[in-house]
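Colleague: I'd like to talk through the empty spaces in this one and what sits in them. Can you put it up?

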Amino acid sequence: MGSNLFDLTGRIALVTGSSRGIGKELAAGLADAGATIVLHGRNAATLAATAAEFAQRFGQERIYSYAFDVTDAQAVAGGIAAIEAEVGPIRILVNNAGIQHRVPLLELDVADWQRVLDTNLTSAFLVGREAARGMLARGEGKIINICSVQTDLARPTIAAYTAAKGGLRNLTRAMTAEWAGAGLQVNGIAPGYIHTEMTQNLVDDEKFNSWILGRTPAGRWGTVADLAGPAVWLASDGSDYVNGQTIFIDGGMTVVV
Ligand SMILES: NC(=O)c1ccc[n+]([C@@H]2O[C@H](COP(=O)([O-])OP(=O)(O)OC[C@H]3O[C@@H](n4cnc5c(N)ncnc54)[C@H](O)[C@@H]3O)[C@@H](O)[C@H]2O)c1
């Protein structure tokens, strides 16, 4: 145990999709708290650039990076096995990789539906399952699944995403049902509208932007930095009796109508 409840020194944290956006900031937050970071993404060049930036910021010896497709069961099993053999036991897993696809339901292709489900939901099952094998054997581990306000609330044109993120909350509960007794804590973080590359088009859309500002009690978009504190908490000893919860970090959006 670290010198304080939120100290992650010496703990290995894998954050999927951390070459950019929310995952990158979550990884930086965990690194700030002392963790050894395994960065992950699909694009080797983006990943290498982020790894170089992190090595400079946090020290080369605490930064690793691995690229594999989180929707490919074999690639996931190989990736997790390689990390555990080469870096060490994964103590913290953040299932962050995700994609969006906007189209009305009647125009939604099965292939796109499947791709969104695979990337946002099946990936958490695949990576979670492989990481949990070691965590269960060691009797400790933290898994954080990145959900969304769409875990709870629907909007037109994002049906597959909404279904996937709703499913992710129940997967969080299912993992808790099976793994909490062995010392794992599995929880979800549900960010509200966060300004990233994924949402830049929405920020640029004047009508949507003013809807967000009016609909959010805090009166602003979230920033990636807003998510780091809750992630550190859920990755640390400070949350050892928090099991199966999904914490909404949304400026109050989901508690008002
Ligand atoms: N931006 C927001 O406002 C917002 C709000 C709520 C939830 N989220 C969730 O946060 C997470 C990150 O979103 P973001 O805005 O940073 O997106 P982003 O597009 O900037 O980053 C997504 C990351 O996932 C990776 N990824 C995607 N598909 C992958 C695959 N098949 N295999 C491996 N890696 C893959 C990408 O390489 C990238 O690093 C997602 O799960 C998203 O649904 C975002």
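What follows is a short exchange about the pocket, the ligand and the cavity.

Modeller: Ground rules: this is a predicted model, where local features need pLDDT of at least 70, side-chain atom pairs count only at pLDDT 80 or more, and totals for chains, interfaces and linings use all residues. Residues are numbered from 1 along each chain as its sequence is written, and side-chain values use heavy atoms, with hydrogens and water left out.

Colleague: What volume does the largest pocket have?

Modeller: A pocket here is an open set of points on a 1 Å grid over the protein atoms alone, where a 1.4 Å probe fits, with protein on both sides within 12 Å along at least five of seven lines. Points are joined across faces, edges and corners, and the volume is the space filled by probe spheres set on them. For the largest pocket that gives about 1000 Å³.

Colleague: Which element gives the largest share of its lining?

Modeller: Lining residues have an atom within 4 Å of a point, and the largest pocket has 46 of them. Helices are DSSP runs of H or I with at least four residues, strands are E runs of at least two, and both are numbered from the N terminus. α1 (21-32), β2 (36-41), α4 and α5 (159-179) each supply at least two lining residues. The largest share, four residues, is from α4.

Colleague: Which space does the ligand take?

Modeller: A molecule sits in a pocket if more than half of its atoms lie within 2 Å of the pocket's grid points. By that test, the ligand's space is the largest pocket.

Colleague: How much of the ligand's accessible area does the protein cover?

Modeller: Start with polar contacts, pairs of N or O atoms within 3.5 Å. Ligand oxygen atoms lie 2.6 Å from a polar side-chain atom of Arg20 and 2.8 Å from a polar backbone atom of Ile22. On its own the ligand has 820 Å² of accessible area (Shrake-Rupley, 1.4 Å probe). The protein covers 95%.

Colleague: Which helix gives the most to the lining of the largest cavity?

Modeller: A cavity is a set of points where the probe fits but cannot get out, and the count is one of 30 Å³ or more. The largest cavity holds about 40 Å³, and its lining includes Thr16, Asn96 and Leu168. Five of the lining residues come from one helix, residues 110-138: α4.

Definitions and conventions
Polar contact = N/O pair within 3.5 Å; in protein donor to acceptor, adjacent residues only side chain to side chain.
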